[in-house]
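Got the viewer open and a hand on the mouse? Let's take a walk through this model, one selection at a time.

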Amino acid sequence: MTSRTVTLLDVARAAGVSKSTVSDALQGSGRVAEATRDRVRAVAEELGYRPNSAARRLRRASTGAVGLHLPATATRLDYYMNLAFGAVERAQEDGLDMVLLAPSGAAGGRIASRVDGLLVIDPEAGDSAVPGLLDAGVPVVTGERYLGPSAGPSAAVVCDNAASLTALLDHVTERGARRPAVLAPSGSSAWATALRATARSWGLAHGVEVALRTMPFAATPAEAEETTRALLTADPAVDAVICAPDGSAPGVLRAATALGREVGTMGGGGGTGGSNGRGGGTPPEPGIARSGTPPEPGTIARPGPGLLVAACVDGPATRGAEPPVTAVDLRPAAYGRACAELLCDILADRAAPDTVRRHAWSLETRASTGSPG
């Protein structure tokens, strides 16, 4: 079958089924037994069958475009901009334009008439636009699973978010932390839900009380600073802070500096004192402000106990911080490419519409946890 283009009829004859069965099997539609579907796909791959994209577009009245739905806060987050660029680049390789959808979404029927498929990134169960997108009548790929009710099948590209936070908690513990805190995102996305659940389960598994605080999904550095100051003032025994929202790490660092906590080390001066780090040490000398409370005018801040800082999302804010912040590199551009590639594969009958693929992350250790940069 190398001298001419392999057709659906060729695959049907080789597999011993009808042409319509081949079409249904490759598109993941119709009532085709799983064994038959697997056999048809194996035969198609063996023969080197490739769908005629031009003819397919004519049959489906294809628009030659796919839609991209991002969270409403995405425009000010570096992570999503990189993800979008990666998705656009990969879609163009299959001759598809990328249409950025309004955060509020639109009626499924109107969307289906404008695009051949949809990418829905970090869908929130509480986002009223998402159900209509998933039920728009075109193939859908979600970046992370949708945790709300869904009528039809959708494909997904997922990260192991529980494993990434576990790696951060294990890392700060190995560096000496005994009372870690996690500033987790609020909301009902799979990412946010996994981080909150993992903080609790990791603490139970290790017999460690993890101080869990929530912030907005797209918390600003100022919001992170306020949350961190309140946390460290109320609970000075906290010796590691892991912040989740993209770009929030500088706020954590500012709060640590304001409270006299030395980032990147577990050492430090008298400060809180006591064997359990919760207070009970000797009172501060006259003119010396105790770590964990803002200094009074005319006093000198005594260096407090050290603090390790890490982030769940790497980016310019973590790499360019002083000190540079240990973070999970989610490789957003590659993630966007992976989402677009899966959608392209579904549109070209190279993948089933309920395929789930995994995306790898890496832990980048830096000076904020006492690690070499």
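What follows is a tour from the whole chain to two sheets, the helices on them and a couple of single residues.

**Before you click**

This is a predicted model, in which local features need pLDDT of at least 70 and side-chain atom pairs count only at pLDDT 80 or more, while totals for chains, interfaces and linings use all residues. Residues are numbered from 1 along each chain as its sequence is written, and side-chain values use heavy atoms, with hydrogens and water left out.

**The whole chain**

Start with a cartoon view. The protein chain comes to 13 helices and 14 strands; these are DSSP runs numbered from the N terminus, with helices being H or I of at least four residues and strands being E of at least two. Of the 373 residues, 48% are buried (under 20% relative accessible area; exposed is over 50%, partly exposed in between, using a 1.4 Å probe and protein chains only). Now think about contacts, meaning heavy atoms within 4.5 Å. Among those between residues at least 6 apart in sequence, 69% join residues at least 24 apart.

**Stop one: the parallel sheet**

Select S2, S1, S3, S4, S5 and S13. In that order, these six strands make an open sheet with parallel pairing (two strands pair if DSSP finds at least two bridges between them). Which strands are at the edges? They are S2 (97-100) and S13 (356-358), each pairing on one side only. On average, neighbouring strands here are turned by 20° against each other, direction ignored.

Zoom in on S1 (residues 65-69) and S3 (residues 117-121): they run parallel and are joined by four bridges. Click Val 66, and you'll find Gly 117 of S3 standing opposite.

Next, add H13 (residues 332-347). This helix lies across S1, S3, S4 (140-143), S5 (155-158) and S13, and runs at about 160° to S5. Axes here are lines fitted to C-alpha atoms, for helices over the stretch in contact, and angles run from 0 to 180 degrees between N-to-C directions.

**Stop two: H5 meets H13**

Keep H13 and bring in H5 (residues 78-93). Their axes come within 6 Å and cross at roughly 40°, so the two helices count as oblique to each other. For that wording, angles under 35 degrees are roughly parallel, over 145 roughly antiparallel, 65 to 115 roughly perpendicular, and the rest oblique. The crossing of H5 and H13 is right-handed, which means the near helix is turned clockwise from the far one by less than a right angle (anticlockwise would be left-handed). To see the contact itself, show side chains: among those involved are Tyr 79, Asn 82 and Leu 83 of H5, and Pro 332, Tyr 335 and Cys 344 of H13.

**Stop three: Asn 161**

Asn 161 is part of H8 (residues 161-174). Is this residue buried or exposed? At 5% relative accessibility, Asn 161 counts as buried. Leaving aside neighbours within four places in sequence, Asn 161 is in contact with Glu 144, Trp 191, Ala 194 and Leu 195. Try a distance tool too: the C-alpha atoms of Asn 161 and Thr 193 are 9.5 Å apart, with 32 residues separating the two along the chain.

**Stop four: the mixed sheet**

Now select S7, S6, S8, S11, S12 and S14. This open sheet of six strands follows that order, and the pairing is mixed. S7 (211-215) and S14 (362-364) stand at the edges with a single partner strand each, so one side of each has no neighbour in the sheet. For an antiparallel pair, look at S12 (residues 326-329) and S14, which share three bridges. One to click is Ala 327, whose bridge partner in S14 is Glu 364.

**Stop five: H10, H11 and Thr 228**

Add two helices to this sheet. H10 lies across S6 (180-185), S7 and S8 (240-243), at about 155° to S7. H11 (residues 249-258) lies across S6, S8 and S11 (308-311), at about 155° to S8. The axes of H10 and H11 come within 7 Å and cross at roughly 40°; this crossing is right-handed.

Finish on Thr 228, found in H10 (residues 221-234). Thr 228 counts as buried because its relative accessibility is 0%. Not counting residues up to four places away in sequence, Thr 228 touches Leu 183, Val 252 and Ala 255. A polar atom of the Thr 228 side chain lies 2.7 Å from the backbone oxygen of Ala 224.

Conventions:
Polar contact = N/O pair within 3.5 Å; in protein donor to acceptor, adjacent residues only side chain to side chain.
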